[in-house]
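Reader: Could you take me through one part of this model up close? I'd like to see how a single residue and the helix beside it sit in the fold.

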Amino acid sequence: MSSLEHPAVAKVAAALAEAGQHAAAEGIRVLPAEVRTAAQAAEALGVPVGAIANSLIFRLGSDKNALLALTSGAHRADPATLARLAGAEIGKADADFVRAHTGQPIGGVAPVGHPEPLPTLVDTALRAHDVVWAAAGHPKAVFPTTFAELVALTGGTPGALAGGEEDGQP
């Protein structure tokens, strides 16, 4: 089975198409090797690392809920900023928690295609890139999108996730 036939990738493609993001769905690419880091994805795609949307899952509040933070690969997310924007404490999530809430493995978590929609924060640093690449449900699969499309697709809250002054600006 190719990565495009993988159930999680098919679910992401369907979610993108259902959201009207047909170019993103049709633009899913399967890379020759797994790209579990932003640096690996950027190298494989020949793009700046800042154009990679890292999908980070955190425990939100009570440990039963999840938060998705889509951050630029060019920097680390600031946990205090994430907690402030989410309005709750956040904590680390292990691989089992990530898979339970997304149906996808760490390194392949897409912005969509999860069992239930997740509260999402979208890094305003991604706005600097005309094309942003996000994981498509598998560590070998990615899709092209934009900052604005990520916000619309996820219903996410824009913010300067590394810390800064642009919180809440679409």
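Author: Let's start with Phe143, which touches Val12, Leu16, Ala24, Gly27, Ile28, Pro111, Val132, Trp133, Ala134, Ala135 and Ala136, leaving aside residues up to four places away in sequence; contact here means heavy atoms within 4.5 Å. A quick note on the source: this is a predicted model, where local features need pLDDT of at least 70, side-chain atom pairs count only at pLDDT 80 or more, and totals for chains, interfaces and linings use all residues. Residues are numbered from 1 along each chain as its sequence is written, and side-chain values use heavy atoms, with hydrogens and water left out.

A second, separate core of nine residues includes Trp133, along with Ala42, Ile52 and Val142. A nonpolar core is a set of buried Ala, Val, Leu, Ile, Met, Phe, Trp, Tyr and Cys residues joined through side-chain atoms within 4.5 Å. Buried means under 20% relative accessible area and exposed over 50%, with partly exposed in between (1.4 Å probe, protein chains only).

As for Phe143, it belongs to the largest nonpolar core, 28 residues in all, and ranks with Leu16 and Ile57 as having the most contacts inside it. α6 gives this core its largest share, four residues.

Now for α1, with helices being DSSP runs of H or I, at least four residues, and strands runs of E, at least two, numbered from the N terminus. Ala8, Val9, Val12 and Leu16 are buried in α1. Viewed down the axis, the buried residues of α1 fall within an arc of 100 degrees, so they line one face of the helix; the arc is taken from the directions from the helix axis to the C-beta atoms. Their cover includes α2, β7 and α6, while Pro7 and Glu18 are exposed on the other side of α1.
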